[in-house]
Amino acid sequence: IKTEEGKPPVIAPTAKGDLSLDKQTRLGKTEAETTKIYKSIAQKDAELDIKRETNRLREMALNKKKDDKTFSQTSSLAKEFMGNPVTKNTYEMRSAINKIKSSVDDPSPAGDVAILFNYMKMLDPDSVVRESEYATARDFTVPVDEKVITLFNRALDGTTLNDRQRKDFHAKSQQLFNSQLQNQNKLNIHYQKRAKDSGLNSDHVVPNDLWLGKGVAPKSPKI
């Protein structure tokens with residue numbers, strides 16, 4: 001059969017009620033099976049999502065535990081490093097030499113006292129000498145030149161240093177500090193190796209400004 005325009009006629013879809021009972025039964029089974037398959041796929045997808053999320057949470061927990069352990073190990077090693085007498089002396093000597101330099105750059109009677117006091121502290125960081133009190137040889141745990149002690153006591157009385165003396169004490173203090181940095185470098189290498197052997201970031205244990213030739217401003221160790 002053809003239409004007036006020569007095209008096949010459009011046949012309307014047969015309603016389900018027009019189908020035979022057998023066809024309706026088979027169609028119903030197909031729809032049920034399809035629904036069952038979709039539900040099964042959805043259930044597997046949900047189970048897979050739960051498994052992935054469980055694995056993700058487990059991995060996060062493991063990473064946190066690992067990070068906590070790494071942080072604890074790093075903090076412990078850094079604390080040990082910063083509490084080492086060599087490191088403490090380096091910080092104290094750095095602070096002293098910076099005070100000496102400031103006093104040399106801006107001469108004054110009080111600055112001369114600071115130069116001599118800090119120079120003596122660099123010679124003996126463990127001394128009990130005080131900046132406002134007269135010093136004696138008994139204040140020191142190592143031998144200190146009596147001439148230096150005498151100059152310090154005179155400075156307390158108002159006798160000033162000359163420019164040559166100031167520059168000389170600054171140069172000597174720089175030599176002392178450079179020698180201290182050599183010892184510090186040996187300690188740095190030791191702790192750097194310990195950190196790396198433990199799988200830790202050595203920069204978090206040994207500060208960069210404690211290597212020879214690095215850092216100028218004094219910093220107080222945090223313990």
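A pocket here is an open set of grid points with protein on both sides within 12 Å along at least five of seven lines. The model on screen is predicted, and this tour goes from one such pocket to the helices packed around α3.

**Stop 1: the second largest pocket**

Select Phe71, Thr74, Ser75, Ala78 and His204. These residues lie nearest the centre of the second largest pocket, and they are among the ten that line it. The space inside comes to about 170 Å³. Colour the lining by class: five residues are polar, three nonpolar and two charged.

**Stop 2: α2 against α3**

Next, show helix α2, residues 85-105, together with α3; α3 spans residues 109-123. The α2 and α3 axes are 9 Å apart and the packing angle is about 155 degrees. Angles over 145 degrees count as roughly antiparallel, so α2 and α3 are roughly antiparallel to each other. The crossing of α2 past α3 is left-handed. To see the contact, select Met93, Ala96, Ile97, Lys99, Ile100, Ser103 and Val104 on α2, then Gly111, Ala114, Ile115, Asn118, Tyr119 and Met122 on α3. Nine of these residues are nonpolar, three polar and one charged.

**Stop 3: α3 against α4**

Keep α3 and add helix α4, residues 146-156. Where do the two helices stand relative to each other? Their axes come within 9 Å and cross at roughly 145 degrees. α3 passes α4 in a left-handed crossing. From α3, the contact takes Val113, Leu116, Phe117, Tyr119 and Met120; from α4, it takes Val148, Ile149, Leu151, Phe152, Ala155 and Leu156. Which classes are present in this contact? It has eleven nonpolar residues, with no polar and no charged ones.

**Stop 4: α3 against α5**

Hide α4 and bring up helix α5, residues 163-197. Here the axes of α3 and α5 are 10 Å apart, at an angle of about 25 degrees. Angles under 35 degrees count as roughly parallel, and α3 and α5 are therefore roughly parallel to each other. Once again α3 makes a left-handed crossing, here past α5. On α3, select Asp112, Ile115, Leu116, Tyr119, Met122 and Leu123; on α5, select Arg166, Phe169, Lys172, Ser173, Leu176 and Phe177. By class, the α3 and α5 contact holds eight nonpolar, one polar and three charged residues.

**Last selection**

Finish on Tyr119 of α3. This residue takes part in the contact with α2, the contact with α4 and the contact with α5.

Methods: Residues numbered from 1 in each chain as written. Predicted model: local features only at pLDDT ≥ 70, side-chain atom pairs only at ≥ 80, totals over all residues. Heavy atoms only, no water. 1 Å grid on protein atoms, 1.4 Å probe; cavity = no way out; pocket = protein on both sides within 12 Å on 5 of 7 lines; lining within 4 Å. Points joined across faces, edges and corners; volume = space filled by probe spheres on them. Nonpolar A, V, L, I, M, F, W, Y, C, P; charged D, E, K, R; others polar. Axes fitted to C-alpha atoms, helices over the stretch in contact; angles between N-to-C directions. Helix = DSSP H or I, 4+ residues; strand = E, 2+ residues; numbered from the N terminus. Left-handed = near helix turned anticlockwise from the far one by under 90°. Contact = heavy atoms within 4.5 Å. Parallel < 35°, antiparallel > 145°, perpendicular 65-115°, else oblique.
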